Amino acid sequence: MVFRGTITAAPDFDPSADAETLYNAMKGFGSDKEAILDLITSRSNAQRQEIIAAYKSNFGQDLIDDLKYELTGKFERLIVSLMRTPAYHDAKEINDAVKGAGTNERCLIEILASRNNQQIHEMVEAYKDAYGTDIEEDIVADTSGHFKKMLIVLLQGTRDESGVVNADLVEQDAQDLYAAGEEQWGTDEAKFIMILGNRSVTHLQMVFDAYEKIAEVSIEDSIKSELSGDFETLMLAVVQCIRSVPMFFAKRLYKSMKGLGTADNTLIRIMISRSELDMLDIRECFRLAYEKSLYNMIQDDTSGDYKRTLLHLCGGDDDLAGEFFPEAAQIAYKMWELSAMTKVQLRPTIRPASNFDPAADAQALRKAMKGFGTDEDAIIDIVAQRNNAQRQEIKQAFKSLLGRDLMKDLKSELSKNLERLIIGLMLTPAEFDAKMMRKAMEGAGTDEHALIEILVTRSNEEILAMNAAYQEGYKKSLEEAIQSDTSGHFCRILVSLVQGAREEGPADVERAYADAQELAEACNAESDDMEMKFMSILCTRSFPHLRKVFQEFVKCSNKDIEQIIKKEMSGDVKNAFYAIVRSVKNQPSYFADRLYKAMKGLGTDDRALIRIMVSRSEVDLFNVRKEFKATHDVSLHEFIQGDTSGDYRKTLLVLCGGED
């Protein structure tokens, strides 16, 4: 295995001299924390064990006990953890995860999904030595179901590491996984556990490729669709580690620091455990995924001696020019290849109601609004649990049977966000999009993010229907409205998109190579020329074609298209191109991020929340939900519940369609 760590053995190492340096740093009143962190982070773990032995021999004291006494807080946790061997550090993390009232499932998943056989065997022995109990018994006592079974399989440390791949077995395993999930009603979890828990890394990488050809969805999408809870999270972690351990840890590190607060235990555990293995690759994957260096994120999210120690382990800031190490370039190329191969099965959360009776629904709505007060629950139950086509029938029946305009009645009986949400559901998709475009441009300011979101994510057919609805509703063309409200290259991008003339169909491989080359060459051109070239390709080519273009762009430029857009462009133009790239790569993930931004922090962007929940509920909101949970470690249901209230919240949760 090639060394890709940031911490190496110090040359001219003298454990007795180091022990004395540490003793002097802690002697007397106060301690020299800088001397401690400088020394400990510039020695390998094996050298630290020699320092511990020399300290006891020379001074008759336990170095770890002295460090615990002299240091405090997160800095103490980090330094003391660095002094343990990897096996004992993992053992302690597992013990902390299962002892006490609750269980830290994420910690169990992270360690057991990412360690090789030797690391697991050494950890099992260290656990027995340190705690006098069997690690398997402790995990069995603290977990349950298929989650427990998979953890126990991983804990055996028996994954095939021979490197031999049997092509017939690859096909058989891919077929067995398909038969165990996508092909049948219900899921044969035991088959997933047996194959994902035992086969070699190389073998499984080939199985995943074969599986996508059979199922026309990625193994990750199948797991999200077929499994749930901690078992789903564990199996996704195993798949991620099979694909790329550094990318798995890059994502874990990002989640540990994003948003309010820091998951310090996760941050410490990963920075220590990977510092002598693959931290350089993790840094590159981090930059690839988040357009920000790991070094800078640690710098922004931590402080004091704790920060300085973490930055030592990180090993340096990365050049932000967008060039990759070979390993990261291969991962970027593979990510686009997976995106191109995968046909995501889009799943809505709102489906047609069975035994539908528009006349009965119209009468029930009238009853809910007649007289003094309004029965909001009855309105929500009907409107949010019918699909859009059924709502249009109810609207017509309401007028035919009662001679009244349902929209006017709803507007007079409801108010604020509940009214906006219910009215949004009653409009046709084209009318709703037209209204959202109008709202984004009316008044003093312009909601550029809304304009981008709608125009980037709608099909040609949806854009043409929206244009017609806008003309009908506002007696003005949508193109004219955009031209009067925006300017420059941003205006041109929107005008290009609003034509609804994006090419459709699969990738043209030869043309994709040429497009990728043109984009790569445009990166060296003047800003205006670069933006026009990007527009001519990103706004006109089909999404399957663009996936291939972005994949080849990595190969011919050694850069990732997302990083180039972030670095070389600015303002609304950057946001528009970035939204296109994100939608091409994974549209449900793009919407998950938009929903997260609408609710995180102080205040809620209710217009964005309503727009996405209404427009995606009959398209792919189930997929959006799964991406939300995978990216943000919290369910969309939970986020809505914590960020909204009353009947508005109740309606949003019906549209959400369940807890993950």
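Which side chains meet in a salt bridge at 3.0 Å, N to O, with Arg-616 as one of the pair? Select Arg-616 and Asp-620 and you have both partners: their side chains meet in a salt bridge, 3.0 Å from N to O. Before going on, keep in mind that this is a predicted model. Now switch on a surface. Arg-616 has 4% relative accessibility, and since the cut-off for buried is under 20%, Arg-616 counts as buried. Asp-620 is buried too, with a relative accessible area of 1%.

**Next stop: Lys-224 and Glu-627**

Select Lys-224 and Glu-627, whose side chains meet in another salt bridge (3.0 Å, N to O). This pair links distant parts of the chain: Lys-224 sits in helix α14 (residues 219-226) and Glu-627 in helix α38 (residues 621-632), 403 residues apart. Lys-224 is buried, with a relative accessible area of 11%, and Glu-627 counts as buried at 10% relative accessibility.

**On to Asp-173 and Arg-199**

Here's one more pair to click on. The side chains of Asp-173 and Arg-199 form a salt bridge, 2.6 Å from N to O. Again distant parts of the chain are linked: Asp-173 belongs to helix α11 (residues 167-180), while Arg-199 lies in the loop between α12 (189-198) and α13, 26 residues away. Both Asp-173 and Arg-199 are buried.

If you'd like a bigger group, select Glu-93, Glu-110, Arg-252 and Arg-269, which are linked in a network of salt bridges. How many salt bridges does the structure hold? The count is 39.

**Along helix α13**

Go back to that loop and step into α13, residues 201-215. Try a ruler on its end C-alpha atoms: they are 21 Å apart, which agrees with the 21 Å that 15 residues should span at 1.5 Å a residue. Then colour its buried residues: His-203, Leu-204, Val-207, Phe-208, Ala-210, Tyr-211, Glu-212 and Ala-215. Just past the end of α13, stop at Glu-216, which takes a positive phi of about 60°.

**Last stop: two helices side by side**

Show helix α22 (residues 358-369) together with helix α25 (residues 406-413); they pack at an angle of about 30°, with axes 11 Å apart. Angles under 35 degrees count as roughly parallel, so α22 and α25 are roughly parallel to each other. The crossing of α22 past α25 is left-handed. To see the contact, display Leu-365, Arg-366 and Met-369 on α22, then Leu-406, Asp-409, Leu-410 and Glu-413 on α25.

Notes. Residues are numbered from 1 along each chain as its sequence is written. This is a predicted model: local features need pLDDT of at least 70, side-chain atom pairs count only at pLDDT 80 or more; totals for chains, interfaces and linings use all residues. Side-chain values use heavy atoms; hydrogens and water are left out. Helices (H or I, at least four residues) and strands (E, at least two) are DSSP runs, numbered from the N terminus. The expected span of a helix is 1.5 Å times one less than its number of residues. Buried means under 20% relative accessible area, exposed over 50%, partly exposed in between (1.4 Å probe, protein chains only). A salt bridge is a side-chain nitrogen of Lys or Arg within 4 Å of a carboxyl oxygen of Asp or Glu. Axes are lines fitted to C-alpha atoms, for helices over the stretch in contact, and angles run from 0 to 180 degrees between N-to-C directions. Angles under 35 degrees count as roughly parallel, over 145 as roughly antiparallel, 65 to 115 as roughly perpendicular and the rest as oblique. A crossing is left-handed if the near helix is turned anticlockwise from the far one by less than a right angle, and right-handed if clockwise. Contact means heavy atoms within 4.5 Å.
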